[in-house]
Amino acid sequence: MKKISADAAKYSDTVRLPFRLGAGFPDAVPVIRSDRKTVSLELKRDGTILIRAPRRMSETKIREFLSKREDWLRAHLAKQQLIGAEGSDRLTEEEINALFRDAVVDLPARVRRFAPLVGVSYGRITIRNQRTRWGSCSAAGNLNFNCLLILAPEEARDYVVIHELCHRIEMNHSARFWAEVARVCPGYRKQRKWFREHGPALTKRMFG
Ligand SMILES: [Zn+2]
């Protein structure tokens, strides 16, 4: 408790975010300055954003740093919003475009990472805006992923990627298929549960 109040005393200033996060989020965030050498961005469980910075770092430099962390921050806040009161907001066109922009980078990167672990090849990767599916895999090995996956936690995204890649081995949901999924993603049951619990809320944000 003592530690927290000591920290609070060091809230020396705030920095305006170089981007707008949307309704319900502040335009400026607190900066705690100390003798540290580097700047860092912290996102607390309640959605509070906090910056830790060297004493003499300029606001411009901090804003430059924040610009680079925009996608990270958006993804994490979006994830947290699911449990927050504002989590049911319909996504705006701008937000949907941002999801696509992130998805075309993020999901293929995960495919590249996990394909060798599953031990399979794949064809084209397409990002879609789908109501009913998180991913799919064609007989030719072409992969489709739902852009809403960007709003899911990283482990849940990994699971969907691994799931679809495992269809390159087993084009069904047999025990052999699930054994393959479990080999690469031992915690897959937890991720399936996440989609059962939070999936409908995600879909609702896109389709109402
Ligand atoms: Zn499947």
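Call a residue buried if 20 or more other C-beta atoms lie within 10 Å of its own. By that yardstick, buried residues make up 24% of the 208 residues in this protein chain. Keep in mind as you turn the structure around that it is a predicted model.

Let's start with the overall layout. The chain has seven helices and seven strands. Walking along the sequence, you meet them in the pattern α-β-β-β-β-α-α-α-β-β-β-α-α-α. How much of the contact network joins residues at least 24 apart? Taking contacts between residues at least 6 apart in sequence, 51% join residues at least 24 apart.

Now for the interior. Nonpolar side chains tend to be buried together in soluble globular proteins. Here the largest nonpolar core has 29 residues, and the members that touch the most others are A103, L149, I150 and I162. Two or more residues of this core come from each of α4 (93-118), β7 (143-146), α5 and α7 (188-207). Which element gives the most? That is α5, with seven residues. A103 is a handy place to zoom in: setting aside its neighbours within four places in sequence, A103 is in contact with I127, F145, C147, L149 and I150. There is also a second, separate core of six residues, which includes I51, A53, I62 and L66.

Since α5 gives the most residues to the largest core, let's follow this helix through its packing partners. Two packed helices are described by the angle between their axes and the distance between the axes.

Take α4 and α5 to begin with. These helices pack at an angle of about 55°, with their axes 9 Å apart. Angles of 65 to 115 degrees count as roughly perpendicular and those under 35 as roughly parallel, so α4 and α5 are oblique to each other. Their crossing is right-handed. On the α4 side you'll find L107, R110, V111, F114, A115 and V118, and these meet R157, D158, V161, I162, L165 and C166 in α5. Sorted by class, the contact of α4 with α5 has nine nonpolar residues, three charged ones and no polar ones. I162 turns up here in the contact with α4, and I162 is also one of the residues that touch the most other members of the largest core.

Next along is α6. Helix α5 (residues 154-166) packs against helix α6 (residues 175-184) at an angle of about 135°, again with axes 9 Å apart. Because only angles over 145 count as roughly antiparallel, α5 is oblique to α6. The crossing in which α5 passes α6 is right-handed. From α5 the contact uses I162, H163 and C166, while α6 brings F177, E180, V181 and V184. Those residues divide into five nonpolar, one polar and one charged. I162 and C166 are worth a second look, as they appear both in this contact and in the one with α4.

The third partner is α7. Here α5 and α7 pack at an angle of about 105°, with their axes 9 Å apart. That puts α5 roughly perpendicular to α7, because the angle lies within 65 to 115 degrees. E155, A156 and Y159 in α5 meet Y188, Q191, W194 and F195 in α7. The residues of this contact divide into five nonpolar, one polar and one charged.

To finish, here are a few exposed spots to click on. Is A179, in helix α6, buried or exposed? With 11 other C-beta atoms within 10 Å, A179 is exposed, since 12 or fewer is the cut-off for that label. The C-alpha atoms of A179 and C166 are separated by 9.6 Å, and the two residues sit 13 apart along the chain.

Over in helix α4 is N97. N97 counts as exposed because it has 12 C-beta neighbours inside 10 Å. In space, N97 and C147 are 9.5 Å apart, C-alpha to C-alpha, though they are 50 residues apart in sequence.

Then there is R56, in the loop between β4 (49-54) and α2 (59-68). R56 has 7 C-beta neighbours inside 10 Å, so it counts as exposed. R33 lies 23 residues from R56 along the chain, and their C-alpha atoms are separated by 8.2 Å.

Technical notes. Residues are numbered from 1 along each chain as its sequence is written. This is a predicted model: local features need pLDDT of at least 70, side-chain atom pairs count only at pLDDT 80 or more; totals for chains, interfaces and linings use all residues. Helices (H or I, at least four residues) and strands (E, at least two) are DSSP runs, numbered from the N terminus. Two residues are in contact if their C-beta atoms, placed from the backbone, lie within 7 Å. Axes are lines fitted to C-alpha atoms, for helices over the stretch in contact, and angles run from 0 to 180 degrees between N-to-C directions. A crossing is left-handed if the near helix is turned anticlockwise from the far one by less than a right angle, and right-handed if clockwise. Ala, Val, Leu, Ile, Met, Phe, Trp, Tyr, Cys and Pro count as nonpolar, Asp, Glu, Lys and Arg as charged, and the others, Gly among them, as polar. A nonpolar core is a set of buried Ala, Val, Leu, Ile, Met, Phe, Trp, Tyr and Cys residues joined through C-beta atoms within 7 Å.
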